[in-house]
Amino acid sequence: MATLIIYYSNGGTTELVAKTLAENLNASLVKIHDLKNRDGFKNRLLSSINAFRETKTDIHPAKIDLSDFDTIYVGSPTWAGNPTPAIITIIDRCNFKGKDVVLFATMDGNRGETNLARLEEKVKMRGARVIESFAISTKNKSPEKIVNDTEAIIETKDLKMYKR
């Protein structure tokens, strides 16, 4: 069995965290693509409202078969203190029963813990056992600093322990 990292990234920082995790943990990656345009001021404002309301969205892939994986990482940016619509949508479409899950959130400001709490509720409702979670502030950080912070979390939280 193996480890899978499922994530959504609009600005690239969550993707950088996901790829750093995958490289360090020898995990597979699945990026969730939101098929709705989230660029521009108006769309970003509407996206925050969608996140707050947990509005579902069209995504690709539409569903993921988790049967070949023991440990699943789920990562999302923080929008209005919540996970993104794309991550909420994929969680609701997957069977996490019997899976160990590690949650991660990126954030420009704060409220990453609120995002993580909601992610935890959602995956537990789908049968997961949350074994760890963390939030990373990415505001005004270089890509190198984000990679270093992610690698420090891997060591501090001993995430390699969950690698199979």
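# Exercises: contacts, pocket and backbone

Asp149 is buried, with 16% relative accessible area. Here buried means under 20%, exposed means over 50%, and partly exposed lies in between (1.4 Å probe, protein chains only).

The model is predicted: local features need pLDDT of at least 70, side-chain atom pairs count only at pLDDT 80 or more, and totals for chains, interfaces and linings use all residues. Residues are numbered from 1 along each chain as its sequence is written, and side-chain values use heavy atoms, with hydrogens and water left out.

## Exercise 1: The partner of Asp149

Find the residue that meets the side chain of Asp149 in a salt bridge.

*Solution.*
- Start with the rule. A salt bridge needs a side-chain nitrogen of Lys or Arg within 4 Å of a carboxyl oxygen of Asp or Glu.
- Lys141 is the partner, with N and O 2.7 Å apart.
- Check the cover on each side. Asp149 is buried, whereas Lys141 is partly exposed at 28%.

## Exercise 2: Salt bridges across the chain

How many salt bridges does a search of the whole structure find? Then place the pairs of Asp92 and Glu132 along the chain.

*Solution.*
- The search finds 11 salt bridges.
- Take Asp92. Its partner is Lys56, and their closest N and O atoms are 2.9 Å apart.
- This pair links distant parts of the chain, 36 residues apart. Asp92 sits in helix α3 (residues 85-93), and Lys56 in the loop between α2 (41-53) and β4 (59-60).
- Names such as α3 come from DSSP runs, numbered from the N terminus: helices are H or I with at least four residues, strands are E with at least two.
- Asp92 has 26% relative accessibility, so it counts as partly exposed. Lys56 is partly exposed too, at 45%.
- Now take Glu132. Its side chain meets that of Lys157 in a salt bridge, 3.1 Å from N to O.
- Glu132 is in strand β7 (residues 129-137), and Lys157 is in the segment after α5 (143-156). They are 25 residues apart, and the pair again links distant parts of the chain.
- Glu132 is buried at 19%. Lys157 is partly exposed at 28%.

## Exercise 3: A network

Which residues are linked with Lys19 in a network of salt bridges?

*Solution.*
- Glu15 and Lys31 join Lys19 in the network.

## Exercise 4: The largest pocket

Give the space in the largest pocket, then describe the lining.

*Solution.*
- Begin with the idea. Rolling a probe the size of a water molecule over the atoms shows where empty space is left.
- Next, the rule. On a 1 Å grid over the protein atoms alone, a pocket is an open set of points where a 1.4 Å probe fits, with protein on both sides within 12 Å along at least five of seven lines; lining residues have an atom within 4 Å of a point. Its volume is the space filled by probe spheres set on the points, which are joined across faces, edges and corners.
- The largest pocket holds about 400 Å³ of space.
- It is lined by 21 residues, and the closest to its centre are Arg44, Pro77, Thr78, Trp79 and Asp108.
- The elements that give two or more residues to this lining are α1 (13-25), α2 and β6 (100-107). α2 gives the most, with 3 residues.
- Sort the lining by type: 4 nonpolar, 13 polar and 4 charged. Nonpolar covers Ala, Val, Leu, Ile, Met, Phe, Trp, Tyr, Cys and Pro; charged covers Asp, Glu, Lys and Arg; the others, Gly among them, are polar.

## Exercise 5: Unusual backbone

Locate a cis peptide bond and two positive phi values, in Asn26 and Ala80.

*Solution.*
- Know the background. Most residues other than glycine have a negative phi, and most peptide bonds are trans.
- The cis bond joins His60 and Pro61, with omega about -5°. Pro61 lies in the loop between β4 and β5 (69-77).
- Asn26 has a positive phi near 55°. Its place is the loop between α1 and β2 (28-31), and it is exposed at 67%.
- Ala80 also has a positive phi, about 55°, though it is not a glycine. Ala80 is in the loop between β5 and α3, and it is partly exposed at 30%.
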